[in-house]
Amino acid sequence: MSKGVQAVRGMNDILPEESPVWAQVEATARAVFEEYGYREIRMPIVEKTELFVRSIGEVTDVVEKEMYTFEDRSGDSLTLRPEGTAGCVRAGMSHGLFHNQVQRLWYQGPMFRHERPQKGRYRQFHQMGVEAYGLEGPDIDAEMLLLTARLFKRLGLGHLRLKLNSLGNPEARQAYRKKLVDYFGQYRDRLDEDSLRRLETNPLRILDSKNPDLADIIKQAPSILDHLDEASAAHFDTLKARLDDQGLAYEVDPRLVRGLDYYSRTVFEWTTDRLGAQDAVCSGGRYDFLVSQLGGKHVPAVGWALGMERLIALLSLAEAPPRRDVEPHVYLAMMGEAAEREGWKLAESLRDQVADLRLTAHCGGGSFKSQLKKADRSGAAIALILGESEVGARRIGVKPLRSGEEQFEADWSALPGLLHDRIQHNGE
Ligand code: ATP
Ligand code: MG
């Protein structure tokens, strides 16, 4: 393909070999979300640039250097969404979803960030996320973490670690910010360029630096947990108690600050030690002031997003990754004009009668030998073989392709029952 048009760097195709794992994760997640009463919302992929600047924060990596921003033909500045929360809040406000009601929502889809592409870090990537609006207390924070733990468990991922922190309310954060500026100010000569800049604009983000030369200084920095306001401290204590009640393990990490500006109180991250540097699989927290910051009234909120590519990479390390069955149950081989005409009718009538049947009808003619080769390659469990001689008698050859059973003949009228039983038999 070197002469053809290339894909955009950092934007991947998900090929048919890979998509059954994606489909399984999506189906499992949808089931868990629905079990907890979350409803799906679908937002546009493009929003006004202003939405992200005002919500994510002007001095974050995302807004400063990662957004795909462009002017459309009417001269409006638009941006490919780098995350889902801003659009979800915008949608909720546009449609009055936050008026005196609780909303439990989930979404999924592609997100776009102009980062340096590497393993686990792409320019188009996919997130699934949940959001709850209108609930102030730590019970909903706990629910969200329990939901996540259940999802991971159902996918066979028992090893993920939960890191937890609280950022307090905005006043407490402001006071803490001053402490940090004083503290890091002593080490100006050792800070890198990024951190020096953040010292002026967003000193909390220095705690998030991945520069190993700063690890020492960061470790000794004052802890935000010593600066929480009383209500936030109580909120955090109750959350931890609820997680303890449920036996959900977590580790309090006072240096976890998260990359987006809108968080308050609870923040968390689920991490793995199996993916190298890109170790955060799912992250989120509370954003009680985001709706009001965007011009709405006070609506407390909490949510998280998980990175599908990282989750799938993790699942792919398993011996038998969960995957949706997509292979046909049946491959219908037909030879000769009469067999084809009757065969296509038979195929449609089987699709009518057998629920969930996956049937691939052979197209393009050819010998039975070549058709059966294609049947085998399709992964089908059974080949149905229809020749001219069977048409008159309304009979058909049934050739199990995987079980080692002998080929046999059956009446057309027996096929729906036979196929129904075989599909059930496969545990579907
Ligand atoms: P990181 O610290 O790895 O950059 P982040 O804090 O920017 O992550 P969030 O904005 O919280 O990530 O997004 C939630 C999740 O989305 C992350 O935990 C991660 O799994 C995934 N994610 C974020 N950016 C990317 C990317 N460029 N490519 C693939 N997955 C990503
Ligand atoms: Mg990032």
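## Exercises: backbone, burial and ligand shell

Gly96, just after helix 4, has a positive phi of about 65 degrees. Helices (H or I, at least four residues) and strands (E, at least two) are DSSP runs numbered from the N terminus. This is a predicted model, in which local features need pLDDT of at least 70 and side-chain atom pairs count only at pLDDT 80 or more, while totals for chains, interfaces and linings use all residues. Residues are numbered from 1 along each chain as its sequence is written, chains are lettered from A and ligands numbered from 1 in the order in which they are written, and side-chain values use heavy atoms, with hydrogens and water left out.

**Exercise 1.** Work out how helix 4 is covered, and by what.

*Solution.*
- Step 1: fix the cut-offs. Buried means under 20% relative accessible area, exposed over 50%, partly exposed in between (1.4 Å probe, protein chains only).
- Step 2: count. Helix 4 spans residues 85–94, and 7 of its 10 residues are buried.
- Step 3: name them. Thr85, Ala86, Gly87, Cys88, Val89, Ala91 and Gly92 are the buried residues of helix 4.
- Step 4: find the cover, using contact (heavy atoms within 4.5 Å). The cover includes strand 2 (46–48), helix 2 (49–56), strand 5 (103–112), strand 6 and helix 10 (290–293).

**Exercise 2.** Take Asn100 and Arg265, and state for each whether it is buried or exposed.

*Solution.*
- Step 1: check phi. Asn100 is not a glycine, yet its phi is positive, about 50 degrees. Arg265 is not a glycine either, and its phi is also positive at about 50 degrees.
- Step 2: place them. Asn100 sits in the loop between helix 4 and strand 5. Arg265 belongs to strand 9 (residues 264–271).
- Step 3: compare accessibility. Asn100 is at 73% relative accessibility, so it counts as exposed. Arg265 has a relative accessible area of 14%, so it is buried.

**Exercise 3.** Explain why Ser264 counts as buried, then list its contacts.

*Solution.*
- Step 1: locate Ser264. It lies in strand 9.
- Step 2: apply the cut-off. Ser264 counts as buried because its relative accessibility is 4%.
- Step 3: leave aside neighbours within four places in sequence. Ser264 then contacts Leu167, Gly168, Arg173, Arg286, Tyr287, Asp288 and Phe289.

**Exercise 4.** Describe the shell around ligand 1 and its polar contacts.

*Solution.*
- Step 1: collect the residues with a heavy atom within 4 Å of the ligand. There are 16, and the closest are Arg113, Glu115, Arg258, Ala280 and Ser283.
- Step 2: sort by class. The shell has 6 nonpolar, 4 polar and 6 charged residues. Here Ala, Val, Leu, Ile, Met, Phe, Trp, Tyr, Cys and Pro count as nonpolar, Asp, Glu, Lys and Arg as charged, and the others, Gly among them, as polar.
- Step 3: pair the N and O atoms within 3.5 Å. A ligand oxygen is 2.8 Å from a side-chain N or O atom of Arg113. For the side chain of Arg258, the distance from a ligand oxygen is 2.3 Å. A polar backbone atom of Gly307 is 3.4 Å from an oxygen of ligand 1.
- Step 4: assess cover. The protein covers 91% of the 590 Å² of accessible area that ligand 1 has on its own, by the Shrake-Rupley method with a 1.4 Å probe.
- Step 5: assign elements. Strand 6 (124–133), strand 10 (280–286) and strand 11 (301–307) each give two or more residues. Strand 10 supplies the largest share, 4 residues.

Terms used
Polar contact = N/O pair within 3.5 Å; in protein donor to acceptor, adjacent residues only side chain to side chain.
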